[in-house]
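User: Walk me through this one, please. Spell out any cut-offs as you go, and I'll ask as we get there.

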Amino acid sequence: MRRVFIAAVAAGLAASASPAFAYKIFVTNEKGNDITVIDSDGFKVTDTFRAGQRPRGIVTSPDQTKIYVCTSDDDLITVFDTKTHKKIGTLPSGPDPELLAVSPDGKTLYAANENDNLVTVIDLQTGAMTAEIPVGVEPEGMAVSPDGQTIVNTSETTSMAHFIDKDSQQITANVLVDTRPRFAAFKADNSEVWVSSEIGGTVKVIDMKTKEVTHTISFQIPGIRAEAIQAVGIAITKDGSKAYVALGPANRVAVIDAKAYKVEKYLLVGQRVWHFAFSPDEKYLFTTNGISNDVSIIDTADDEVIKTVQVGQQPWGAAVADIK
């Protein structure tokens, strides 16, 4: 009887704990003009809904209730409810928004508008555009520092990372990186920002105090041509110990020791891996594979691909919402 009782208690604890870890993965399908929803329970597709024209960049609001999506061919940011998947509304943007970032306090959204060389600043409390900040040619990557004070934009043709002060909305530093920078990601302790370069095939690590490049991470994969190794998405763990870099048509994700700045291994995923998102507990990483039209799920404890999930046409971006 004692064993039965203990087993019953354990089962009850597991059942009560499971909702706390429930979350959804939202995947933008660039060509399909829709968003695929994958549930954390079994990693199965549970919904697909229309998103607008050419959805690409996607982020979750800090309170987990909304997702913001760059509907690039509509020249808008479209907002959806994370529970119902219903469209809440739209936000103004310049032409062809590609990537976006939300401030940690959830009050401000920053969008890179590729066609007019501007970063759009949107007040999320009023829904109004408050500023347009001139940056380099073909802006793409967007990131906000953990303290909310610095915004980083990468411009593909200018090959620079632009550091923007939140209060003055002025560029305070321009850092030269390698050709066609695609993405920027901060370490959680605000010490560094990492910038990937698609054509350069590298990641530059920039010190936040000096605004200087301190490390360059390169990639070599046996049997893969150098020009096929194109660094795009970056994900860094909260403790700053490990980073993952999507390598595009190389169909690999690089696993990096983020303190030693050394590549530890390469994981074979789907075709043309572009971006990804962590689960809330960082136990899993979800990659978007744009040519094979699927998502690879990586177990981050063992750094192994454990499952592939078919989604829509040309998956591009991913965001996770905790729905507990």
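Analyst: Two strands pair if DSSP finds at least two bridges between them; strands (E, at least two residues) and helices (H or I, at least four) are DSSP runs numbered from the N terminus. This is a predicted model, where local features need pLDDT of at least 70 and side-chain atom pairs pLDDT 80 or more, while totals for chains, interfaces and linings use all residues. Residues count from 1 along each chain as its sequence is written, and side-chain values use heavy atoms, with hydrogens and water left out.

User: Okay, which residue has a positive phi in the turn between strand 12 and strand 13?

Analyst: Strand 12 (residues 139-144) runs antiparallel to strand 13 (residues 150-155), paired over four bridges. One of the bridge partners is V144 with I151. The hairpin leaves five residues between the strands, and the one in the turn with a positive phi of about 80° is G148.

User: Which residue of strand 14 stands opposite I151?

Analyst: Strand 13 also joins strand 14 (residues 160-165), running antiparallel over six bridges. Opposite I151 in strand 14 stands I164.

User: Which strands stand at the edges of that sheet?

Analyst: It's an open, antiparallel sheet of four strands, in the order 12-13-14-15. Each edge strand has a single partner, so one side of it is left without a neighbour in the sheet; those strands are 12 and 15 (171-176).

User: Over to strand 9: is it buried or exposed?

Analyst: Buried is under 20% relative accessible area, exposed over 50% and partly exposed in between (1.4 Å probe, protein chains only). T108, Y110 and A112 point one way from strand 9, with L109, A111 and N113 pointing the other way. Six of the six residues (108-113) fall under the cut-off, so the strand is largely enclosed by the rest of the structure: buried.

User: And which turn residue has a positive phi in the hairpin of strand 8 and strand 9?

Analyst: Strand 8 (residues 97-102) pairs with strand 9 in the antiparallel sense over four bridges, and L100 has A111 as its bridge partner. Five residues sit between the two strands, and the positive phi of about 75° belongs to G106.

User: On to strand 10: which residue there is the bridge partner of Y110?

Analyst: Strand 9 and strand 10 (residues 118-123) run antiparallel, joined by six bridges. Their hairpin has four residues between the strands, with N117 in the turn at a positive phi of about 60°. The strand 10 partner of Y110 is V121.

User: Which residues touch the most other members of the largest nonpolar core?

Analyst: A nonpolar core is a set of buried Ala, Val, Leu, Ile, Met, Phe, Trp, Tyr and Cys residues joined through side-chain atoms within 4.5 Å. Of the 24 residues here, the ones touching the most other members are W194, F219, V245 and L247. Elements giving two or more residues to this core include strand 16 (181-186), strand 18 (202-207) and strand 21 (242-246). Contacts of V245 (heavy atoms within 4.5 Å), leaving out residues up to four places away in sequence, include V203, I256, F276 and the core's own F219.

User: Rings next. How are the planes of Y244 and F278 set?

Analyst: Rings of Phe, Tyr and Trp (its six-membered ring) pair with centres within 6.5 Å; planes under 30 degrees apart are stacked, over 60 edge-to-face and the rest tilted. The whole structure holds six aromatic pairs. Y244 and F278 have centres 5.9 Å apart and planes at 75°, so the pair is edge-to-face. Y244 is in strand 21 and F278 in strand 24, so the pair ties together parts whose separation in sequence is 34 residues.

User: What angle do neighbouring strands make in the sheet with strand 24?

Analyst: That open sheet has the order 24-25-26-27 with antiparallel pairing; strand 25 (residues 284-289) and strand 26 (residues 294-299) share six bridges, with N289 opposite D294. Axes are lines fitted to C-alpha atoms (for helices over the stretch in contact), with angles from 0 to 180 degrees between N-to-C directions. Ignoring direction, the average turn between neighbours is 25°.
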